[in-house]
Structures are given as structure tokens and as C-alpha cells.
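Open the structure in your viewer and keep the selection tool at hand. The tour below goes stop by stop, saying what to select and what is there.

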Amino acid sequence: MQRYEVDLWTHIAKFLDGKSLVMLAATNRWFKRIFLEESIWKFACLRDLEVPDPKNVGFKWINLYASAFGGSHSFMFRQIEKHIGDFSFLSIFTCRVKLNSERWSVFYLGGKSDWMRVGAFFFDSPFALLTEKLMCPLKLPQEENTDNMLESCGSCVVKNVRTGIWIADLQLVRCPVCDLETCDGEQEICFSFHELRDKKFPLTNLGTMQMLDARHIELFLNDGYQDGSWEYEMIGSHDIRKHQDGASGAIFDLKHLNDKSSSDVFNLKSWAGKPKDWQPRVMVTPHAVAINTNLQENEGLNLKFQAMTAGAGGEVVSIRISQQLL
């Protein structure tokens, strides 16, 4: 083979998805050497996730690509019995808009699935702002105690977040009980929908819950996660004891809170569902991710924030925001 042919196939690889790259790599030894190059998988991963280069990663890019696009989600590793596999959303649509060279996407969730990939975003700083209020001006939490932060402004700041690429998912899981007295934090995971076969809508029944589930791209590849030694811990909780028009949650890189793309998240009317549209809506920007679900008549919400660290005293590698009807 001549050198120009190597350059040619390396260029072609930039237009192929992961599945095509693997198929070509399995063709013969020469293709295997070309298409298993780290640079090719790095390019594919950053291209398909639409995120900047994190510079340093702890695993090979082909493994990171497989973790991101191989169909893996948190319930493939733990509590898989709680997954719901027969619920149908509406059809899926994606709208991408360029704003001042920054990318933001609005997703109308759909398709028959038991989980849904929201998208990827990037932490430049080790500080995350978690909030259930998507309105301007946003009051930044000043209190030291997380529960007090949630009480005063519905937000909290999480420190020591692992920087780099983060991936956000929505899940459907079975909630074993339907009241707050017995449904503890260990059971409140992602989305719980009740009586789905009767075509009731999300978050319209007591005990229904939604959660925005975000993780560092390397999480599933770490031994501490796979062996179960890394666990979610409760950061704080708060009850909102009055009617809520919607259940919202967002995660921001605090460093980029004032970016144009991040501020667009607070323009809820531009991406949230119309009245009486009960399907979840999500938005992902370069440094933030958010969700909103419209609600019918209710008596309020229970809000919970959870985080997983890479061992005792380690960096935060996963964050969850959940709301449950009171």
C-alpha cells in the first residue's frame, strides 16, 4: 500500500460513524491498523458528541466512544429490574440552531424506548450549578447548607466536579411505591411512570417522578462504578408545597452561566412544551443541560439532588436532579 492511500482512508474515516469504522477494521489487518488509530476515534467521538477536546482522558477513545454510543445507560449496570421497556413517547425530533458560533439543541423526546439520550455538554470548571428554577434573574445560592440553598432559591452549587465531557440521559424506571413516606432516595431514580398502558401522561399522578441523570463520559469504564463501590449520595431535598405549572431541572457549568447559550435555557417559552402538552422537553447547550415537563393540577413537588463521587473524597462524576409530585 502506498502512503497516499493511508492518508486517503484516514480522511474517509472522518465521515464514518463508529459502527462503520468497526466493520471496516474487521475486514483485514491493514484496515484494522488504520481504523483503530486513537486519532480517528477521538475525532469521531468529539464530532458525534459535539463537544470540545478535553485534552486529557483516562481511557482509549474507542472505549469512550463505545461507552457513549454503545447503548449503555446506568440501569444496564444496576437495578435493571426497575427499567420499563414498553412505553412509547411521541416521535423524536431534533432542532439544532447556531447562536454566535455556539451550539444549542432542543429535543422533543420520542420513539419507543426505555431510556433517552439527551446529549453531551462540557464542564470547563469544577463548579456546577443545579437548579429547579428556569427563570431570570436567577438567584445564586449564598447559604452554606444545601437544604437552605434549596429552600431559599431552589438551587445549589456542587464543588469538585470532574471536568471534561458529560453525558445526560432520561430513563424510565419502575417506582416500587407511590408515596413520599416510603419512597426514599435509593428508590427515586430517573423517571417513574404509572399505569402507562392506560395511556396516562408523565407526572400527572401522585408518586410520579422525573430525574435528569448526568455523568462524566468515563464513569462506566471505572472499576469503582462497575463493582458498586461508588454510590449516589443525597446532596439535599426540598418540598414546594404549592401548585407548580411544570417540573424543571438544569445543570450548568458555573463558569459559563452568563454565556449566551446558557442564558437561552432560561427562555423557557422558546423550548418548553405548550400548555396541555405533557411530553418532557429537554435542552442541551455547550455547558448546560435542562429538562421541563408541564404538569396538571397538583399540590407541589418534592425536589432531590444526588451526586456520585469517585470514592471517598473524590471528584463528582455523576449528578441527578429529581422531582416527585406531593
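Which residue lies over the face of Phe220? Bear in mind that this is a predicted model. Select Phe220 and Arg215: Arg215 lies over the ring face, at 3.8 Å from the ring centre.

**Second stop: another charge over a ring**

Select Tyr232 and Arg320. The charged end of Arg320 sits over the ring of Tyr232, 3.9 Å from the ring centre.

**Third stop: a cavity**

A search of the whole structure gives two cavities of 30 Å³ or more. Go to the second largest, which holds about 30 Å³ of space. To show its lining, select Ser74, Asp169, Gln171, Asp213, Arg215, Leu219, Phe220, Tyr232 and Ser318. Arg215 and Phe220 from the opening stop are in this list, and so is Tyr232, the ring under the charged end of Arg320. By type, the lining residues divide into three nonpolar, three polar and three charged. Now colour strand E6 (164–173) and strand E8 (209–216); each supplies at least two residues of this lining.

**Fourth stop: helix H5**

Select residues 61–69, which form helix H5. Which residues of H5 are buried? They are Trp61, Leu64, Tyr65, Ser67 and Ala68. Turn the view to look down the axis of H5: the buried residues fall within an arc of 165°, and therefore line one face of the helix.

Stay on H5 and show the side chains of Tyr65 and Phe69, which are four residues apart, about one turn of the helix. Are their planes stacked or tilted? The ring centres are 4.6 Å apart and the planes are at 35°, so the pair counts as tilted. Planes have to be under 30 degrees apart to count as stacked. The two residues also differ in exposure: Tyr65, at 8% relative accessibility, counts as buried, whereas Phe69, at 35%, counts as partly exposed.

Before leaving, step just past the end of H5 to Gly71, which takes a positive phi of about 90°.

**Last stop: aromatic rings**

How many aromatic pairs does a search of the whole structure find? The search finds eleven. To see several rings together, select Trp9, Trp30, Phe31 and Phe35, which ring pairs link into a cluster.

Conventions. Residues are numbered from 1 along each chain as its sequence is written. This is a predicted model: local features need pLDDT of at least 70, side-chain atom pairs count only at pLDDT 80 or more; totals for chains, interfaces and linings use all residues. Side-chain values use heavy atoms; hydrogens and water are left out. Rings of Phe, Tyr and Trp (its six-membered ring) pair if their centres lie within 6.5 Å; planes under 30 degrees apart count as stacked, over 60 as edge-to-face and the rest as tilted. Buried means under 20% relative accessible area, exposed over 50%, partly exposed in between (1.4 Å probe, protein chains only). A charge sits over a ring if NZ of Lys or CZ of Arg is within 6 Å of the ring centre and within 35 degrees of the ring normal. The arc is that of the directions from the helix axis to the C-beta atoms. On a 1 Å grid over the protein atoms alone, a cavity is a set of points where a 1.4 Å probe fits but cannot get out, and a pocket is an open set with protein on both sides within 12 Å along at least five of seven lines; lining residues have an atom within 4 Å of a point. Grid points are joined across faces, edges and corners, and a volume is the space filled by probe spheres set on the points. Ala, Val, Leu, Ile, Met, Phe, Trp, Tyr, Cys and Pro count as nonpolar, Asp, Glu, Lys and Arg as charged, and the others, Gly among them, as polar.
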